[in-house]
Amino acid sequence: MLELKNVNSFYEAAQILFDVSLRINKGEVAALFGRNGVGKTTTFRCIMGLNPPRYQGDIFYQQENLQGLQPFQIARRGIGFVPEDRQIFPNLTVRRNLIVGRKTLKDREKKWDLEQVYEIFPKLKLLENKLGSQLSGGEQQMLTIGRTLMGDPEIILLDEPTEGLAPLIAQDVFNMILKIRNAHNTSIFLVEQFSPHLLDFIDHCYVMERGRIVYDGEPQTIKTDLGLQKQLLGIGAKK
Ligand SMILES: Nc1ncnc2c1ncn2[C@@H]1O[C@H](COP(=O)(O)OP(=O)(O)OP(=O)(O)O)[C@@H](O)[C@H]1O
Ligand SMILES: [Mg+2]
């Protein structure tokens, strides 16, 4: 469904990504792990056509090469992006924040409405008339994901969805991510710092180190290989 082939990316003259190749299949939950500054957000910015960075190489989405398309054109094709800084509207209510997420669909099926989003995130229903600025970090994360769903994505890119959340709330967010996948067989591609707890939630795993993919495989392999886990936890260590 989404495939990167030998993507090299640059901020000005500095090369950030080196021959990054990866693919996310329909209905799959894939994770890209890596420590701070390795190029996780840059990978997403390339996919979304955000500039900077510029990139060389190919990014295919449903057989179409995305190189040269504008971010809004890419989003309209069904790629939903939940950025690291959440970007909710502080002065709008939860309900309005969600409605803003609706998109004009380009040859795509309408899947999500407010009630369905509230089914995944019952908390948002309770908070529907509160302002964005009044929400906790976990609630804001749910709201950004909910708003993205309102645009009926076929695949969702989540940039560190559990960053700054307490472990139990992070767990909640992951359970909701699985519910989203199950509701409409939506693909999920998330980037995170490595955590062994996440291995149970994902179907496929990539690890990035200094702009290069250094692991591409089943989460099960990492689960049973403690040596590898130790190495990855080293990678996942905070700066
Ligand atoms: N706008 C920019 N201009 C120049 N360099 C940048 C820019 N944005 C990021 N970089 C550099 O590119 C590298 C990769 O950054 P990126 O944001 O992709 O990392 P990340 O893996 O998402 O890190 P984090 O876990 O901190 O979010 C870093 O060295 C960063 O300093
Ligand atoms: Mg980042």
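The following paragraphs describe the sheets, the nonpolar core, the ligand shell and the unusual backbone geometry of a predicted model. Local features were considered only at pLDDT of at least 70 and side-chain atom pairs only at pLDDT 80 or more, whereas totals for chains, interfaces and linings use all residues. Residues are numbered from 1 along each chain as its sequence is written, and chains are lettered from A and ligands numbered from 1 in the order in which they are written.

Helices (DSSP runs of H or I, at least four residues) and strands (runs of E, at least two residues) are numbered from the N terminus, and two strands are said to pair if DSSP finds at least two bridges between them. An open sheet of four strands has antiparallel pairing and follows the order β2-β1-β4-β5. Its edges are formed by β2 (14-24) and β5 (64-65), each of which has a single partner strand, so that one side of each is left without a neighbour in the sheet. Helix α1 packs on this sheet, where it touches β1, β2 and β4, and its direction makes about 70° with that of β2; contact here requires C-beta atoms, placed from the backbone, within 7 Å, while axes are lines fitted to C-alpha atoms, for helices over the stretch in contact, with angles running from 0 to 180 degrees between N-to-C directions. Within the sheet, strand β1 (residues 2-11) and strand β4 (residues 54-61) pair in the antiparallel sense over seven bridges. Along this pairing, K5 stands opposite D58 in β4, and S9 stands opposite Y55 in β4. The pairing of β4 with β5 is also antiparallel and runs over two bridges, with N65 in β5 as the bridge partner of F60. The hairpin of β4 and β5 has two residues between the strands, and Q62 in this hairpin takes a positive phi near 45°.

A further open sheet, of six strands, shows mixed pairing in the order β6-β7-β8-β3-β9-β10. Its edge strands are β6 (79-82) and β10 (212-217), each pairing on one side only, and neighbouring strands are turned by 15° against each other on average, direction ignored. Strand β6 pairs with strand β7 (residues 155-159) in the parallel sense over four bridges, and the bridge partner of G80 in β7 is I156. Helix α1 lies across β3, β6, β7, β8 (187-192) and β9 (204-209), and runs at about 145° to β7.

A nonpolar core is taken as a set of buried Ala, Val, Leu, Ile, Met, Phe, Trp, Tyr and Cys residues joined through C-beta atoms within 7 Å, a residue being buried if 20 or more other C-beta atoms lie within 10 Å of its own, exposed if 12 or fewer, and partly exposed in between. The largest such core has 60 residues, of which A31, V117, L157 and F189 touch the most other members. Strand β3 (residues 29-33) gives the most to this core, with five residues. When residues up to four places away in sequence are not counted, F189 touches L2, I24, A30, I155 and L157.

The shell around ligand 1 comprises Y11, I16, G34, N36, G37, V38, G39, K40, T41, T42, P52 and E84, a residue being near the ligand if its C-beta atom, placed from the backbone, lies within 6 Å of it. Helix α1 (residues 40-47) supplies the largest share of this shell, three residues. By class, the shell has four nonpolar, six polar and two charged residues, where Ala, Val, Leu, Ile, Met, Phe, Trp, Tyr, Cys and Pro count as nonpolar, Asp, Glu, Lys and Arg as charged, and the others, Gly among them, as polar.

Most residues other than glycine have a negative phi, and most peptide bonds are trans. The peptide bond from N51 to P52 is nevertheless cis, with omega near -5°, and the bond from P52 to P53 is likewise cis, with omega near 0°. P52 lies in the loop between α1 and β4, as does P53. Q87, in the loop between β6 and α3 (94-100), has a positive phi of about 50° although it is not a glycine, and counts as partly exposed because it has 13 C-beta neighbours inside 10 Å. E160, in the loop between β7 and α7 (167-184), has a positive phi near 45°, and with 18 C-beta neighbours inside 10 Å this residue also counts as partly exposed.

Conventions:
Two residues are in contact if their C-beta atoms, placed from the backbone, lie within 7 Å.
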